[in-house]
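Below is a walk through one protein model, taken strand by strand and helix by helix. Keep the structure in view while reading.

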Amino acid sequence: MEIRGARERAFTISFTRKGVPRARGAAMRLARAQGMPPERVIDLALVVNEAMVNAVAHGGGRGRLRMWRQDGALLCEIEDHGPGIPARQLDRTGPPPPSSLGGWGIWLIRRLADKVALTTGPDGTAVRIAMDLSERERAVP
């Protein structure tokens with residue numbers, strides 16, 4: 001799957017651990033093709049990467065990334081078929097303790113994305129992320 005030119009507005013790609021770099025690259029190409037400012041393309045790459053790595057690590061070793069343009073934003077949905085995310089992890093609003101090796105992914109996604117919705121349960125997790133395409137001042141939460 002290749003993204004070519006600004007006419008490309010959407011794609012779906014399945015990934016495993018080995019496929020994460022390819023999927024991340026496709027996400028970045030689509031963001032650039034749709035005119036996302038360069039610094040936001042990096043934010044998008046970090047957010048999509050974190051969600052895909054979490055899907056591989058905790059969601060059965062594979063996942064699916066869908067991206068599309070809608071209402072001035074790029075929407076990204078990363079799905080897996082793992083056991084779901086514990087509620088205590090989703091309820092956390094601050095960063096994990098500095099000594100923690102894990103637990104940074106969801107916090108980072110929430111910090112960098114414009115909108116985030118997580119749907120999780122025993123049949124898997126879907127992370128839906130919205131990244132505005134316009135260049136604007138972002139308030140730091």
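**The sheet and its helices**

Leucine 74 has methionine 131 in β5 as its bridge partner. The model in which this pair is found is a predicted one. The two residues belong to a pairing between strand β3 (residues 73-79) and β5, which is antiparallel and runs over seven bridges. Another pair across these strands is cysteine 76, which stands opposite isoleucine 129 in β5. β3 is mostly covered, with six of its seven residues buried.

Strands of a sheet pair through backbone hydrogen bonds, in either a parallel or an antiparallel sense. Here the sheet is open and has five strands in the order β1-β2-β3-β5-β4, with antiparallel pairing. At its edges are β1 (10-16) and β4, each of which pairs on one side only. From one strand to the next the twist averages 15°.

The rest of the sheet can be followed from one edge to the other. β1 pairs with β2 in the antiparallel sense over seven bridges. Within that pairing, threonine 12 has arginine 66 of β2 as its bridge partner. The side chains along β1 alternate: Phe11, Ile13 and Phe15 point to one face and are buried, whereas Ala10, Thr12, Ser14 and Thr16 point to the other face and are not buried.

Next come β2 and β3, which also pair in the antiparallel sense, over seven bridges. These strands form a hairpin with two residues between them, and in the turn aspartate 71 has a positive phi of about 50°. Across the hairpin, tryptophan 68 stands opposite leucine 75 in β3.

Tryptophan 68 is worth a pause. Is this residue, in strand β2, buried or exposed? Its relative accessibility is 14%, so tryptophan 68 counts as buried, the cut-off being under 20%. Leaving out residues up to four places away in sequence, tryptophan 68 touches Arg9, Ala10, Ala73, Leu74, Leu75, Glu77 and Arg128. By contrast, isoleucine 106 lies 21 Å from tryptophan 68, C-alpha to C-alpha, and 38 residues from it in sequence.

On the other side of β3 in the strand order comes β5, followed by β4. Strand β4 (residues 115-121) and strand β5 (residues 124-132) run antiparallel and are joined by seven bridges. They form a hairpin with two residues between them. In this hairpin alanine 117 stands opposite arginine 128 in β5. Arginine 128 is also among the residues that tryptophan 68 touches.

The helices come next, beginning with those that lie on the sheet. α1 lies across β1, β2 (62-70) and β3, and runs at about 165° to β1. Helix α4 (residues 105-112) packs on the sheet as well, where it touches β4 and β5, and its direction makes about 150° with that of β4.

Two packed helices are described by the angle between their axes and by the distance between the axes. How do α1 and α2 meet in these terms? The axes of helix α1 (residues 20-33) and helix α2 (residues 38-58) come within 9 Å and cross at roughly 150°. An angle over 145 degrees counts as roughly antiparallel, and α1 and α2 are therefore roughly antiparallel to each other. Their crossing is right-handed. On the α1 side the contact is made by Val20, Ala23, Arg24, Ala27, Met28, Ala31 and Arg32, and on the α2 side by Val41, Ile42, Leu44, Ala45, Val48, Asn49, Met52, Val53 and Val56. Sorted by type, the residues of this contact are 13 nonpolar, one polar and two charged.

α2 also meets α4. The axes of these two helices come within 9 Å and cross at roughly 150°, which makes α2 roughly antiparallel to α4. Here α2 passes α4 in a left-handed crossing. From α2, the residues Arg40, Asp43, Leu46, Val47, Glu50, Ala51 and Asn54 meet Gly105, Ile106, Leu108, Ile109 and Leu112 of α4. The residues of this contact divide into seven nonpolar, two polar and three charged.

To put the pieces together: α1 lies across β1, β2 and β3, while α4 touches β4 and β5. α2 makes contacts with α1 and with α4.

Methods
Residues numbered from 1 in each chain as written. Predicted model: local features only at pLDDT ≥ 70, side-chain atom pairs only at ≥ 80, totals over all residues. Heavy atoms only, no water. Axes fitted to C-alpha atoms, helices over the stretch in contact; angles between N-to-C directions. Helix = DSSP H or I, 4+ residues; strand = E, 2+ residues; numbered from the N terminus. Parallel < 35°, antiparallel > 145°, perpendicular 65-115°, else oblique. Left-handed = near helix turned anticlockwise from the far one by under 90°. Contact = heavy atoms within 4.5 Å. Nonpolar A, V, L, I, M, F, W, Y, C, P; charged D, E, K, R; others polar. Pairing = 2+ DSSP bridges. Buried < 20%, exposed > 50% of the residue type's maximum accessible area, 1.4 Å probe, protein only.
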